[in-house]
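I opened a new notebook page for this protein. The entries below follow the order in which I looked things up.

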Amino acid sequence: YLPQDVTREDDWRRVFADIESVEGRLDVLVNNAGVSRLRPVQTLTPEDLRFLVEVNVFGMFLGIRHAFAAMDRNPGRRGSIVNISALNALRGSPNSTAYALAKGATTNLARAAAMEGRRDGRAIRVNAIHPGVLFEEGDKPSAGAIALYGAEGAQRFVESNITTTPLGRLGHPRDIGAAVVFLASDAAAGMTGAEVIVDGGRSAGEFATH
């Protein structure tokens, strides 16, 4: 691995130069770095918003910008870019005003970049993924959830999400990884500017709420 600050353009140049020196080319970029600050809109600060936009949006923009330059050196100018967005890009929820703004931008960034990916003879595909609620431990709260809600509150949070997810389980990072591999591969050769939702059915409609 190569340590990197995605908000620093020099870091993108260094990382891609290292990759090309070892591998000879760059085929895939997964724009996965992201942050959140979940607060009521009255307590959000301009600094909160700048931080979220800088990491989630500006960082992804720099990744795409420099990935295009590297992929332009590939045979056929081919490549695949996957932006990791969020369900908050598709719908609102309490305490997520700034986060939803930033994640919505990452989705639109993928759409616009998909158009750029076909300009001037390029064959670069750009797509986005919207993950649902993810926990590595299945039905056990994560350390982050416990820090945010307390032990009992985190357990209630997990149980509530399981109850309201049509598949009846929380997502696992593997679910997102499988979608990334698909979009990065030639199996998705016909997809660009698309959004793939991996949320156990949460965004399809209301479930277990009546």
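**Entry 1: overall figures.** I began with burial, keeping in mind that this is a predicted model. Of the 210 residues of the protein, 38% count as buried. I then took the surface: about 11400 Å² is exposed, and carbon and sulfur atoms supply 55% of it. For contacts with a separation of 6 or more, I found that 69% join residues 24 or more positions apart. The C-alpha trace spans about 55 × 40 × 30 Å along its principal axes.

**Entry 2: elements.** I counted six helices and four strands. Along the sequence they give the pattern α-β-α-β-α-β-α-α-α-β. I also checked the radius of gyration, which is 18 Å and close to the 17 Å that the globule rule gives for 210 residues, so the protein is as compact as a globular protein of that length.

**Entry 3: the sheet.** In which order do the four strands stand in the sheet? I read the order as β1-β2-β3-β4, in an open sheet with parallel pairing. β1 (28-31) and β4 (195-198) are at the edges; each has a single partner strand, so one side of each is left without a neighbour in the sheet. I noted an average turn of 20 degrees between neighbouring strands, direction ignored. As background, I wrote down that strands of a sheet pair through backbone hydrogen bonds, either parallel or antiparallel.

I then looked at one pair in detail. Strand β2 (residues 78-84) pairs with strand β3 (residues 123-131) in the parallel sense, over seven bridges. Within this pairing I located Ile81, which stands opposite Val126 in β3.

**Entry 4: helix α3.** I found helix α3 (residues 97-116) lying across β2, β3 and β4, at about 160 degrees to β3. I tested its length: at 1.5 Å a residue, its 20 residues should span 28 Å, and the end C-alpha atoms are 29 Å apart, which agrees. I listed the buried residues of α3, among them Ala98, Tyr99, Ala102, Thr106, Leu109 and Ala113. The buried residues of α3 pack against α2 (46-71), β2, β3 and β4. For reading such lists I keep in mind that an α-helix has 3.6 residues a turn, so residues three or four places apart point the same way.

**Entry 5: Thr107.** I picked one residue of helix α3, Thr107. Is Thr107 buried or exposed? Its relative accessible area is 3%, and buried means under 20%, so Thr107 is buried. Leaving out residues up to four places away in sequence, I found that Thr107 touches Ser85, Ala89, His130 and Glu195.

**Entry 6: Ser160.** I looked up Ser160 in helix α5 (residues 151-163). Ser160 has a relative accessible area of 40% and is partly exposed. I also took a distance: Ser160 and Ile176 are 16 residues apart in sequence and 21 Å apart in space, C-alpha to C-alpha.

**Entry 7: positive phi.** Next I turned to backbone angles. Arg77 has a positive phi of about 50 degrees although it is not a glycine. I placed Arg77 in the loop between α2 and β2. Arg77 counts as partly exposed, at 24% relative accessibility.

Asn95 went on the list too, with a phi near 70 degrees, a positive value in a residue other than glycine. I placed Asn95 in the loop between β2 and α3. At 36% relative accessibility, Asn95 counts as partly exposed.

Technical notes: Residues numbered from 1 in each chain as written. Predicted model: local features only at pLDDT ≥ 70, side-chain atom pairs only at ≥ 80, totals over all residues. Heavy atoms only, no water. Pairing = 2+ DSSP bridges. Helix = DSSP H or I, 4+ residues; strand = E, 2+ residues; numbered from the N terminus. Axes fitted to C-alpha atoms, helices over the stretch in contact; angles between N-to-C directions. Contact = heavy atoms within 4.5 Å. Rg over C-alpha atoms; globule rule 2.2 N^0.38 Å. Buried < 20%, exposed > 50% of the residue type's maximum accessible area, 1.4 Å probe, protein only. Areas by Shrake-Rupley, 256 points an atom, 1.4 Å probe, with all protein chains shown as cover. Expected span 1.5 Å × (residues − 1).
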